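Please work through the following exercises with the sequence and the model open side by side. Each task is followed by a solution that proceeds step by step.

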Amino acid sequence: MTVVCSASQTVVDTFAGSGALGASDGIASQASFNQPGGVAVDSAGNVYVADLANQEIRKITPAGNVTTLAGHAGSTGTADGDRYAASFKGPTSVAVDADGNVYVSDQLSHRVRKITPAGVVSTLAGSEIAGSADGHGAAATFGQPAGLAVDAVGNLYVADRANNRIRKISPAGDVVTLAGSGVEGATDGSGVQASFSEPVDVAVDSAGNVYVADAWNNRIRKITPAGNVTTLAGSGLQGAADGVGASASFFRPFGIAVDRAGYVYVTDSGNNRIRRISPLGFVTTLAGTGAVGSTNGSAATASFYSPSGVAVDGSGIVYVGDGANNLIRRITSSLAP
């Protein structure tokens, strides 16, 4: 059974994007994107977007003005440098820290990049050679790093997709493996005894717990600060059922975010829905009919098309990278804590 929040409680609108393929900056509906993926929001309400096919990182002000923070549409590469001199190779996810630094998982270059508030891009960790080595900076290796999250003290968590691991990068650039054996699986357990199957996104709460969108397992996993992995929700079977824990089901959960009250938000990509998980593990459908579309309106009538990234701000407003629609959507709910 799927339970969608009532129309009076939850409304979906388009925050930015015309829906047409493009890389135009501008105000809200005048701007354009090309397969926007991961999204992040800072304390001032600015939204950052990994604009995947444009090889750019975009910034949207609270008023809806879209600019290019770094990268240049049509230019693929691994160059560090100032704003448009820098290049990316498959930017998939973004995260922003308390100082306004933006982190980018540059998936096809197997690197994690950093952009200062002034727009200077550098490589925080990883090299262009795929691998799974822990170490410092360029001595560490990743395999198609995907989702990112940053905690209150500046530690960065990485969904190391092709390695089936969750990695942790210290503010100094030291990379360790937090959890995952590297072998595909769905085993709960401690640290490297646990297993994942193409984890694609991560989120971290104020207590340091890390949540994982474990896409090919159709599950949402939770990792304690000590590295203990459990399954928060999902039966493992493809489906769209709401319910508690393993009685709920997902279909390729792709993006994940957590709010200040501990509610977890998931872009259920294969189901074209946005799901919400309470701290006790009860899964509901926040918005989306399940049909492909770009309809705005109430939760029960709104539609998405392969939604990917998700972020939630301090007041509970949810932002979605609606990838195949080339839009950034916004969900406002009276259910927000």
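The exercises below concern a predicted model.

**Exercise 1. Strand β14 and its neighbours**

Task: Determine how many residues of strand β14 (residues 156-160) are buried, and with which strands β14 pairs.

Solution.

Step 1. Burial is assigned under 20% relative accessible area. By this criterion 5 of the 5 residues of β14 are buried, so the strand is largely enclosed by the rest of the structure.

Step 2. The side-chain directions come next. In a regular strand the side chains alternate between the two faces of the sheet. In β14, Leu156, Val158 and Asp160 point one way, while Tyr157 and Ala159 point the other way. Residues of both groups are buried.

Step 3. Strand β13 (residues 145-150) pairs with β14 in the antiparallel sense, over 4 bridges. Within this pairing Ala149 is placed opposite Tyr157. The two strands form a hairpin with 5 residues between them, and Gly154 in the turn has a positive phi of about 95°.

Step 4. Strand β15 (residues 165-169) also pairs with β14 in the antiparallel sense, here over 5 bridges. Lys168 is the bridge partner of Tyr157 in β15. This hairpin has 4 residues between its strands, and Asn164 takes a positive phi near 55°.

**Exercise 2. Two loop residues**

Task: Classify Asn34 as buried or exposed, do likewise for Ala139, and list the contacts of each residue.

Solution.

Step 1. Asn34 belongs to the loop between β2 (26-27) and β3 (36-41). Its relative accessible area is 17%, and Asn34 is therefore buried.

Step 2. Leaving aside residues up to four places away in sequence, Asn34 touches Leu21, Gly22, Asp51, Leu52, Ala53, Asn54 and Asn326.

Step 3. Ala139 belongs to the loop between β12 (135-136) and β13. Because its relative accessibility is 53%, Ala139 counts as exposed.

Step 4. With the same exclusion of residues up to four places away, Ala139 touches Ala133 and Asp134. The C-alpha atoms of Ala139 and Val175 are separated by 9.0 Å, although the two residues are 36 residues apart along the chain.

**Exercise 3. An open sheet and a nonpolar core**

Task: State which strands stand at the edges of the open sheet that contains β17 to β21, and which strands supply at least two residues each to the largest nonpolar core.

Solution.

Step 1. The sheet has 5 strands in the order β17-β21-β20-β19-β18, with antiparallel pairing. β17 (189-190) and β18 (199-204) stand at the edges; each has a single partner strand, so one side of each is left without a neighbour in the sheet.

Step 2. Inside this order, strand β20 (residues 219-223) is joined to strand β21 (residues 228-233) by 4 bridges. Arg221 stands opposite Thr231 in β21.

Step 3. In soluble globular proteins, nonpolar side chains tend to be buried together. The largest nonpolar core here has 16 residues, of which Ile220, Phe250, Ile256, Val264, Val266 and Ile277 touch the most other members. At least two residues of this core come from each of β18, β19 (210-214), β21, β23 (253-258) and β24 (264-268).

**Exercise 4. Charged side chains**

Task: Locate the partners of Arg113, Glu198 and Arg275 in salt bridges, and find the rings over which Arg275 and Arg276 lie.

Solution.

Step 1. Arg113 forms a salt bridge with Asp80, with the closest N and O atoms 2.9 Å apart. Arg113 lies in strand β10 (residues 111-115) and Asp80 in the loop between β6 (65-71) and β7 (81-82), 33 residues apart. Arg113 is buried at a relative accessible area of 0%, whereas Asp80 is partly exposed at 39%.

Step 2. Glu198 meets Arg161 in a salt bridge (2.9 Å, N to O). Glu198 is in the loop between β17 and β18 and Arg161 in the loop between β14 and β15, so the pair ties together parts that are 37 residues apart in sequence. Glu198 is partly exposed at 24%, and Arg161 is buried at 16%.

Step 3. Arg275 meets Asp268 in a salt bridge (2.7 Å, N to O), and both residues are buried. The charged end of Arg275 also sits over the ring of Phe250, 4.9 Å from its centre. Arg276 lies over the face of Tyr263, at 4.0 Å from the ring centre.

Definitions and conventions: Residues numbered from 1 in each chain as written. Predicted model: local features only at pLDDT ≥ 70, side-chain atom pairs only at ≥ 80, totals over all residues. Heavy atoms only, no water. Buried < 20%, exposed > 50% of the residue type's maximum accessible area, 1.4 Å probe, protein only. Contact = heavy atoms within 4.5 Å. Pairing = 2+ DSSP bridges. Lys NZ or Arg CZ within 6 Å of the ring centre and 35° of its normal. Core = buried A, V, L, I, M, F, W, Y, C linked by side-chain atoms within 4.5 Å. Salt bridge = Lys/Arg side-chain N within 4 Å of Asp/Glu carboxyl O.
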